[in-house]
Amino acid sequence: MTVTTTRLRGVEAAPEADTVPLGRRRRWREDAVEAVLFAAGFVSILTTGAIVVVLGKDALHFFRNPDVSLVDFLTGTVWQPQLGKFGLLPLLNATLMVSGIAMVVALPIGLSIAVYLSEYATPAVRNRLKPTLEILAGVPTVIYGYFALTFVTPILRWALGARTVDIYNVLSAGLVVGILVIPLVASMSEDALQAVPRALREAAYGLGATRLETSLQVVVPSALSGIAAAFMLAMSRAIGETMVVAIAAGAGPRLTANPLRSAETMTGYISRISGGDLSYNSVDYDSIFAIGLALFVITLGLNILSGRIVRRFREVYE
Amino acid sequence: MTALAPGSIGLATSDAARQVARRHRVGRAGLAVFQLSTIVGIVVLGALLYNIANEAAGLVAYEHKTDPAAVLPGGRDLAALSAPELAAVLTANLSPGEVATLEREAPLAERSQAELRRLVDERVLETHAAAAWNLTDSVLDRPAIEATVAERHPDADLRLTSWLSPAFVTAPQSGDAEYAGIRTAILGSLWVIVITMAVAVPVGVAAGIYLEEYADHTRWLNRAIQTNISNLAGVPSIIYGMLGLAVFVRALEPLSSGGAFGAADPTTANGRTILSAGLTMALLILPLIIINAQEAIRAVPSSLREASFGLGATRWQTIRHHVLPGALPGILTGTILAMSRAIGETAPLIVVGMSTYITFDPSSPFDKFTTLPGQIYQWTARPQPEFHHIAAAASVVLLVLLVALNASAIYGRNRAQVRY
């Protein structure tokens with residue numbers, strides 16, 4: 001209907017075209033281009049929608065299962081689908097241990113590198129170091145996993161004794177995930193430090209502060225929101241990291257506080273279960289979506305918090 | 001004003017001097033800590049590379065099921081034989097059927113010496129690695145290794161072997177680590193990446209243009225899109241794998257396994273195809289491409305746009321002829337970086353359903369697949385140490401590929417940067 005009218009109008013409008021100023025003319029081609037471009041932008045909304053629907057739907061299916069209850073899922077201490085026990089805690093605990101260890105490694109080292117790059121390094125040194133960090137950030141995670149299993153684990157077993165350290169263990173995976181997120185922490189923190197205006201540093205020097213005092217007592221506090229955001233993002237990255245834990249942390253959910261034992265993380269479980277031949281109607285299939293939903297909620301929460309911190313607590317300089 | 005005793009002033013200054021000295025010492029200690037951390041970062045990168053190189057070559061003790069002296073003419077060493085002699089060994093020791101199959105693949109007379117040697121090793125001598133050592137041990141500890149081999153594998157011959165070789169790159173997947181190669185994996189990676197980029201680049205750049213050039217950011221929908229993209233960039237990659245599993249593999253199975261087009265036998269792949277993998281990966285890198293395209297477009301100065309509008313160009317004409325050409329180098333660099341991210345990504349493809357063992361080359365988007373990082377993962381996950389060696393060799397290939405890509409991106413960024 002509309003198409004016909006437009007065409008008719010177009011035909012009749014031919015003489016009128018001279019009277020309508022160029023700038024006010026309706027240009028269908030322009031509108032069509034805008035519509036196509038908008039559709040491309042809308043794909044991202046669709047993706048998010050699809051993630052929520054997919055995870056939500058299959059997770060709901062999981063919780064409808066008579067063997068499963070939400071309370072047991074959140075508080076149960078045993079994850080053994082064969083026995084009908086679905087407690088998330090062993091998986092969540094392993095995930096938190098791995099990312100906790102990772103943060104202990106990545107935060108001090110990453111922040112130190114950032115302070116060094118931003119406050120101390122000469123431009124020549126910076127120009128060499130930043131590409132090195134970029135290379136470290138570009139190495140595929142599966143190679144980090146290989147590194148954990150064939151390099152870090154043997155060293156740990158040699159140092160602490162092969163009896164006390166399992167071949168697959170949480171510590172090795174955690175250390176390597178920490179190494180993996182160092183570039184992220186370093187480059188985001190460095191950006192934050194660089195954004196602190198020079199005048200603040202000059203003022204500190206003018207008061208007689210040393211370079212270290214200026215860095216730690218003036219620059220770092222001023223950039224704290226950016227640094228906190230970097231930490232949040234690094235944490236979310238560590239929680240979502242899959243390959244290193246799938247290779248080095250071991251298979252089999254286990255609730256343990258000992259990082260030298262093997263324990264499967266949420267991501268490790270998802271990749272192990274879905275890597276095999278998976279029947280769509282099994283409780284295993286549904287269970288990975290419930291875990292995926294938990295993972296999604298945790299990481300999204302951290303990411304949103306990170307964005308909030310940046311916006312809310314940013315020190316605004318003129 | 002009370003006069004101070006001269007002594008007390010001296011005390012105060014020396015106190016202050018001491019304090020300043022202490023503060024400088026602390027300052028130097030702080031610097032040492034920062035430098036140490038930086039060095040730790042570099043050392044770790046070095047250790048990572050060293051570990052891979054170390055595992056990718058070394059001494060290997062080979063044992064033969066068939067005694068070489070009995071089969072090879074004149075009891076000579078395998079490496080000393082010429083191509084025709086090797087071909088003769090093959091025809092003499094294999095069944096006529098096997099020879100005919102080999103001839104059909106490629107005539108024996110036309111094959112290279114290295115290729116024939118590998119065949120004799122694999123089919124006639126049935127050589128396999130009884131034990132393998134890494135490069136450092138092989139160099140530093142050779143006598144001890146020789147003693148071990150003499151004791152435990154008296155018939156084995158010990159050779160310094162690089163697990164990475166031309167044959168390794170061109171051979172298909174195999175159940176024996178000695179004869180396995182990454183051809184299938186490389187082709188799989190290529191197929192997946194082509195589909196990924198074909199989908200993600202046009203959509204990503206279009207979305208970037210929309211958000212920078214058209215979107216009215218006071219409208220909530222546009223703001224929602226923008227916020228949503230930065231949140232999507234932080235979603236763990238394995239979640240995208242689950243999205244791909246539920247949508248492309250399961251719900252769109254007739255499409256993704258080619259059944260709807262009558263292209264492939266839909267029962268074999270179950271939707272776990274190259275197409276599903278490529279689309280999943282496209283969604284994964286879409287936020288990266290959009291964010292990067294936006295930055296590149298934003299870097300084009302608005303004076304260019306104003307000038308174009310001033311000459312009477314429409315919005316799209318301005319974008320096509322002025323904004324996009326200016327933003328192109330930046331967009332290209334970001335595209336290459338996103339591509340290297342997609343090439344190295346493993347977790348989502350495991351969830352989508354990478355095949356654990358395929359020996360045939362993928363030939364259509366509806367085929368089963370494996371990828372280079374996927375292959376590294378599967379070999380690493382095996383308990384046998386030989387597979388760890390070939391996983392290292394495959395890692396070398398992957399790293400070289402990625403470094404080449406990233407270097408070209410950085411080079412391109414520095415060369416083609418338009419300065420306004």
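**Close-up views: helix contacts and salt bridges**

**View 1. Helices α6(A) and α18(B) are roughly parallel to each other.** The model shown here, and in every view below, is predicted. Helix α6 covers residues 141-160 of chain A, and helix α18 covers residues 372-380 of chain B. Their axes come within 9 Å and cross at roughly 20 degrees. Angles under 35 degrees count as roughly parallel, so this pair earns that label. The crossing of α6(A) past α18(B) is left-handed. From α6(A), look for A:V142, A:Y146 and A:L149. They meet B:P373, B:I376, B:Y377 and B:T380 in α18(B). Sorted by class, this contact has six nonpolar residues, one polar residue and no charged residues.

**View 2. Helix α2(A) lies roughly perpendicular to helix α9(B).** Here helix α2 (residues 28-64) of chain A packs against helix α9 (residues 183-214) of chain B. The angle is about 115 degrees, and the axes are 7 Å apart. Again, the crossing is left-handed. On the chain A side, the contact is made by A:E30, A:V33, A:E34, A:L37, A:F38, A:A40, A:G41 and A:V43. On the chain B side, find B:V203, B:A206, B:A207, B:I209, B:Y210 and B:Y214. By class, the contact of α2(A) with α9(B) holds 11 nonpolar, one polar and two charged residues.

**View 3. Chain A and chain B bury about 6,500 Å² between them.** Why quote an area? The size of an interface is often given as the accessible area lost when the parts come together. Of the area buried here, 75% is on carbon and sulfur atoms. Three residues to pick out are A:L37, A:Y146 and A:Y280. They supply 11% of the area that chain A buries against chain B, more than any other three residues. Two of these names have already appeared: A:Y146 sits in the contact of View 1, and A:L37 in that of View 2. Chain A gives 74 residues to the contact, and chain B gives 76 residues.

**View 4. One salt bridge is found across the interface of chain A and chain B.** Its partners are A:E213 and B:R23. The closest N and O atoms are 2.8 Å apart. How many salt bridges are there over all chains? A search of the whole structure finds 15.

**View 5. A:K130 and A:E190 join in a salt bridge within chain A.** The N to O distance is 2.8 Å. A:K130 lies in helix α5 (residues 123-138), and A:E190 in helix α7 (residues 170-194), so the pair ties together parts that are 60 residues apart in sequence.

**View 6. Helices α5(A) and α7(A) cross at roughly 140 degrees.** Their axes come within 9 Å. That angle makes α5(A) oblique to α7(A). In α5(A), the contact residues are A:R126, A:K130, A:L133, A:L136 and A:A137. They meet A:P183, A:A186, A:E190 and A:Q194 in α7(A). Both partners of the View 5 salt bridge, A:K130 and A:E190, appear in this contact. Its classes are five nonpolar, one polar and three charged residues.

Note on methods: Residues are numbered from 1 along each chain as its sequence is written. Chains are lettered from A and ligands numbered from 1 in the order in which they are written. This is a predicted model: local features need pLDDT of at least 70, side-chain atom pairs count only at pLDDT 80 or more; totals for chains, interfaces and linings use all residues. Side-chain values use heavy atoms; hydrogens and water are left out. Axes are lines fitted to C-alpha atoms, for helices over the stretch in contact, and angles run from 0 to 180 degrees between N-to-C directions. Helices (H or I, at least four residues) and strands (E, at least two) are DSSP runs, numbered from the N terminus. Angles under 35 degrees count as roughly parallel, over 145 as roughly antiparallel, 65 to 115 as roughly perpendicular and the rest as oblique. A crossing is left-handed if the near helix is turned anticlockwise from the far one by less than a right angle, and right-handed if clockwise. Contact means heavy atoms within 4.5 Å. Ala, Val, Leu, Ile, Met, Phe, Trp, Tyr, Cys and Pro count as nonpolar, Asp, Glu, Lys and Arg as charged, and the others, Gly among them, as polar. Buried area is the accessible area (1.4 Å probe) that two parts lose on being put together, summed over both. A salt bridge is a side-chain nitrogen of Lys or Arg within 4 Å of a carboxyl oxygen of Asp or Glu.
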